Amino acid sequence: MDLLSATDWLRHRPGYTYPLAVAFVGLTFILRLAASDYLSGFPFLSFVPAILLASFIGGAGPGIVAAMVAAFVVQQFFVEPHGAFWPVSVGQWVGLSTYLVNAAIIIGLMEMIIIAHGRQSRLRSELNSFNSRLEETVAERTAALRHEMEENAAAQAQVRQLQKMETIGQLTGGVAHDFNNMLAIIIGNLDLAQRRMTGHEDPRLLNSLQNARDGAQRAAVLTARLLAFSRQQPLAPEVIDVNKLVGGMSELLRRTLGEHIRIETVLAGGLWPSFADLSQLENAMLNLAVNARDAMPGGGHLTIETANTELDERYSRMHSEVEAGQYVMISITDTGTGMSPDVIDRAFDPFYTTKGPGKGTGLGLSQVYGYIKQSGGHIKIYSEIDRGTTVKIYLPRHVGRADARLAAGAQPIPQGSVNDTILVVEDDEHVRTMTAESLHELGYTVLQAAGGPDALLLLEENPDVDLIFTDIVMPQMSGRQLADAVQEKWPTIRILYTTGYTRNAIVHNGVLDHGVSLLAKPFSLEQLAHKIRELLNMPVRTGDEGP
């Protein structure tokens, strides 16, 4: 630190600098008296240091004061005649003028030095401040870039995960399609075999048939889960009050989970309605609750919470498959063993499970994942080892009104009538034969066609057909194209679709088209009988209403 910087604090205090200026003059006066024998010829010059010091510590003001006091002291005590206020000769006037000019130069130079020093100090301060702000800006930008890189890395990981899930979904969807056709044949023929038993067979035969049917039904459930994961199951959404759903499921969950699990519900007031497939949402919540129970073998606490929430643009950027907007959240929290980050990353993969052999298929969470995604929602897992797990389901908020779908109760298998004619259209010969035999067994008159063109030719010859039971995915003409052609010419004929694998023929964005009836493969004889009877009992629609 230099002298100017060291005396800055004093320079800004006039109450100190002016007395010091006078003190410097007084000190010089004393020294001048003491050294009068040596400095008798330089009365004004001896006071120049006092003026310099006064200007140095105080600037122009104290310097001028020191110069004036020094001029007065010299004139009074060191210039003949002593005590004279003004010079009495030309030489004295020249000496005083020279002194004053030199004093003004000294004061001016010192003032400029002080001003320059002040400007330099301000510039240095501004530079330091700028450097500090620059360092802060660089640090903030570096942190922001690091955060953006982390977000980008997370987003890329999400994209890779979505691509992997999409690829697996396409594979499982294709496999499920083929399996559904085969299971339709197996289940249909087993049902026919059971109906045709007379009661005189070996009792073990009935047990074998029932065991085979149970195995086929489990396989059908497995393929249904595969279709759910691959987002290819047809959904029948309705307006849902999630609070009522959770409240209605509480007793079912208590019976299912057992007394060692304490269940608590926290329901939000003013909860928005949602629009989803009610039965699938119930299955998803039950699936998550059972998983939570399995994570708490010694008992624990299960909390089901609902809330209105909004996922913003930042969250959407971090989860590329999520659209920003308003959602109804269902949170299911347990106090179980928790999951590690590696397990969370693979939790939705089909056939991945941490349970022991025979305790899980690894399709539960993947089925929930597929259903939520197909419904336009989002699902997220938060978990810590030995602390528990929270699974949050986000379903889009529903705005507007929609008709709720009502589920029919269990009823006896209805029988058909030979007066009702059904045309079965199916490109797979084995499935077509099995379906036709099932309908014959139920008492209907049945016609068969291997495809859409054959079906139209049969209708020309038999226009009294009451219902067409058609597969959707067929070569040359799809089931939807066939239905459109039939409704244009024979608007009173009812249409029932069947398929093991739907794309966009009658399902758009995962939702059945309005007015469409579908019986998914594989179906049992009982399901077929109820669905056929339901459609035949419906009022005939006009062609304007569509299929």
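These questions and answers walk through two sheets and a surface patch in a predicted model.

Reader: Which strands form the open sheet with parallel pairing, and in what order?
Author: This open sheet has five strands, and the pairing is parallel. From one strand to the next, the twist averages 20°. The order is β9-β8-β10-β11-β14.

Reader: Which strands stand at the edges of that sheet?
Author: An edge strand here has a single partner strand, so one side of it is left without a neighbour in the sheet. That holds for β9 and for β14, residues 518-520. The edge strands are β9 and β14.

Reader: Is strand β8 mostly covered or mostly open, and how many of its residues are buried?
Author: Strand β8 spans residues 421-425. On one side, Thr 421, Leu 423 and Val 425 are buried. On the other side, Ile 422 and Val 424 are buried too. Strand β8 is mostly covered, and the count of buried residues is five of five.

Reader: How many bridges join β8 to β9?
Author: Strand β9 covers residues 445-449 and runs parallel to β8. Thr 421 has Thr 445 in β9 as its bridge partner. The number of bridges joining β8 to β9 is five.

Reader: Through which helix does the chain cross from β8 to β9?
Author: The path is a β-α-β crossover, and it is right-handed. The helix on this path spans residues 429-442. It is α13.

Reader: Which residue in β10 stands opposite Val 424?
Author: β8 and β10, residues 467-471, pair in the parallel sense over four bridges. Ile 422 stands opposite Leu 467 in β10. For Val 424, the residue opposite is Phe 469.

Reader: What is the strand order of the open sheet with mixed pairing?
Author: This sheet also has five strands. Strands β2 (261-266) and β6 (378-384) stand at its edges, each with a single partner strand. Neighbouring strands are turned by 20° against each other on average, direction ignored. The order is β2-β4-β5-β7-β6.

Reader: Which residue in β7 stands opposite Asp 334?
Author: Strand β5 (residues 325-334) and strand β7 (residues 388-396) run antiparallel. Eight bridges join them. Opposite Asp 334 stands Thr 389.

Reader: Why can Phe 72 be called partly exposed, and what is its relative accessible area?
Author: Phe 72 is found in helix α5, residues 60-77. Together with Phe 85, Trp 86 and Trp 93, Phe 72 makes a nonpolar surface patch of about 490 Å². Partly exposed lies between the cut-offs of 20% and 50%. Phe 72 is therefore partly exposed, with a relative accessible area of 42%.

Definitions and conventions:
Residues are numbered from 1 along each chain as its sequence is written. This is a predicted model: local features need pLDDT of at least 70, side-chain atom pairs count only at pLDDT 80 or more; totals for chains, interfaces and linings use all residues. Side-chain values use heavy atoms; hydrogens and water are left out. Patches are made of residues with over 30% relative accessible area and no salt bridge: like charges are joined within 9 Å, nonpolar side chains (Val, Leu, Ile, Met, Phe, Trp, Tyr) within 5 Å. Accessible areas come from the Shrake-Rupley method with a 1.4 Å probe; for residues, only the protein chains shown count as cover. A salt bridge is a side-chain nitrogen of Lys or Arg within 4 Å of a carboxyl oxygen of Asp or Glu. Helices (H or I, at least four residues) and strands (E, at least two) are DSSP runs, numbered from the N terminus. Buried means under 20% relative accessible area, exposed over 50%, partly exposed in between (1.4 Å probe, protein chains only). Two strands pair if DSSP finds at least two bridges between them. A crossover is right-handed if, with the strands pointing away from the viewer, the path from the first strand over the helix to the second runs clockwise. Axes are lines fitted to C-alpha atoms, for helices over the stretch in contact, and angles run from 0 to 180 degrees between N-to-C directions.
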